[in-house]
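Colleague: I would be grateful for a close look at a single part of this model. Please begin with one residue and proceed outwards from there.

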Amino acid sequence: MPSKAVSDSRRLSQITVTGLVVASMIGTGVYTSLGYQADALSSTTSLLLLWVVGGIHALCGAFCYAELSAAFPRSGGEYHLLSKVYHPCLGFLAGWVSVTVSFAAPIALAAIAFETYAAPLLPSVPTGSLACLLICFMTIVHCRGVQTGARAQNWLTGVKLLLLSAFIIAGLLVPAEEANLSTTTTLDFSELLGGGFAVSLVYVSYSFTGWNAAVYVAGETRNPSRTLPIALLSGVAVVTVLYLSLNYVFLRVTPLEEIRALENKEGVAALGAQHAFGALGSNWLRAIISAGLFSTVGALILTGSRIATSIGEDYPVFGFLAKRNQRGAPIRALLLIGCVALTLVVTSSFETVLVYIEFITLIFTFMTAAGVFVLRRKATKKESPFRMPLFPLTPFIYLGITAWIIWHVLTERPVQALAGLGTLAIGSIVYVLCCDKK
């Protein structure tokens, strides 16, 4: 049964839940993906189209999740939804992956990116400490209570959006004669159907990871049947516009040849800022990214911990994870996510871990989105308070793009795909040994 420890006065508002969606998405992906994508695609048009497809993909997925979460409003994300729609074992596997990989690893990558961008601004801080300090700080903030964490997230997300919007507007105002305009704008349709475009969508999909963040805190949300759909859809729409605008700015001022020549692909954003605004521009962007990653890490810690909490509520062997303090914060679940992320900080390899994470995450989001067909067959309109438009076209778009990406990762990145399947195998063993007697 879901926990009733969170009183109405401690529930999350529409602003907080929408901000959580935005903060979860705008992290490392949009600042680091372009360097890898430019190696696989030949034109700026193809590169920008990636973000259009990614936005449509995430929006269609958000419609599916909005309908499911409105029908089953409890915290836990895919763990809860898959358990309700299919079987508790499938839900447990989703929760296992979320707690061990899908949240802890992005937290680690975001913290590593924070150190990468913030270290030149703070040269006196010992190498390796900034990433760990960020994870520890945001874990402590959320341990102080639901409302304390919510207020911190609201402020941090607001600052992130203001700074990013200011950078985009300034980049668009750079005079044409001062910008290094990229000239490769032709569109090769055969390229759009190739493996390079599909694998490049993995980076876009990673950048949009978090579009479903609202469903992880459904049980702590005020009026979830109304709040969750609005938060999911408006959050995705805002981020899609920001992503497309930011990548247009980068491509407008930076020649593709220079992007492809980068040895450190994660530094593509700093290169674009340097072209647009000189040396100071690079420092400006470093500060924007560093400040923004506070809310990203905080959002991932918040949402990831709620999956562990839901598992603790459902399975006695993990019951210790369900304990909350007097202010409603699941301290043990928060500390678990924080500790796993800290462990991964010292072992993460950005590109390999990114593809691995996204492959295994897409498997579960595919199954969850497909669950809307099961829901439509079982539930009446009264039992499902939100129904997406253009059904079944909307879920078919999401499922088709997701399946396309999964197939190309299987065929072109088999090592990462096998690692993901291995994680599922371990989770299945844990379920049989510890949870099957529930």
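Modeller: Leaving aside residues up to four places away in sequence, valine 53 touches Phe197, Leu201 and Ile401, where contact means heavy atoms within 4.5 Å. This is a predicted model, in which local features need pLDDT of at least 70 and side-chain atom pairs count only at pLDDT 80 or more, while totals for chains, interfaces and linings use all residues. Residues are numbered from 1 along each chain as its sequence is written, and side-chain values use heavy atoms, with hydrogens and water left out.

Valine 53 lies in helix α3, a helix being a DSSP run of H or I with at least four residues, numbered from the N terminus. Along the chain, valine 53 and serine 205 are 152 residues apart, yet a distance of 9.6 Å separates their C-alpha atoms.

Consider next the helix that carries valine 53. Helix α3 covers residues 44-71, 28 residues that reach 41 Å from the first C-alpha to the last, close to the expected 40 Å (1.5 Å times one less than the number of residues). Of these 28 residues, 22 are buried, and α3 is thus mostly covered; buried means under 20% relative accessible area with a 1.4 Å probe, protein chains only.

The partner to examine is helix α10, which comprises residues 195-207; the axes of α3 and α10 come within 9 Å and cross at roughly 55 degrees. The two helices are therefore oblique to each other, that is, neither under 35 degrees, nor over 145, nor from 65 to 115. On the α3 side, the contact is made by Ser46, Leu49, Leu50, Trp51, Val53, Gly54 and His57, and on the α10 side by Phe197, Ser200, Leu201, Val204, Ser205 and Ser207. Sorted by class, this contact of α3 with α10 has 7 nonpolar residues, 6 polar residues and no charged ones.

The chain as a whole provides the setting. It has 17 helices and 0 strands, and 58% of its 438 residues count as buried. Among contacts in the chain with a separation of 6 or more, 82% come from residues 24 or more positions apart.

A further residue may be set beside valine 53. Histidine 142 is found in helix α7, residues 129-143, and is buried, with a relative accessible area of 3%. Its contacts, not counting residues up to four places away in sequence, are Gly149, Gln153, Gly298, Leu302, Ala329 and Leu334.

Methods: Buried < 20%, exposed > 50% of the residue type's maximum accessible area, 1.4 Å probe, protein only. Axes fitted to C-alpha atoms, helices over the stretch in contact; angles between N-to-C directions. Nonpolar A, V, L, I, M, F, W, Y, C, P; charged D, E, K, R; others polar.
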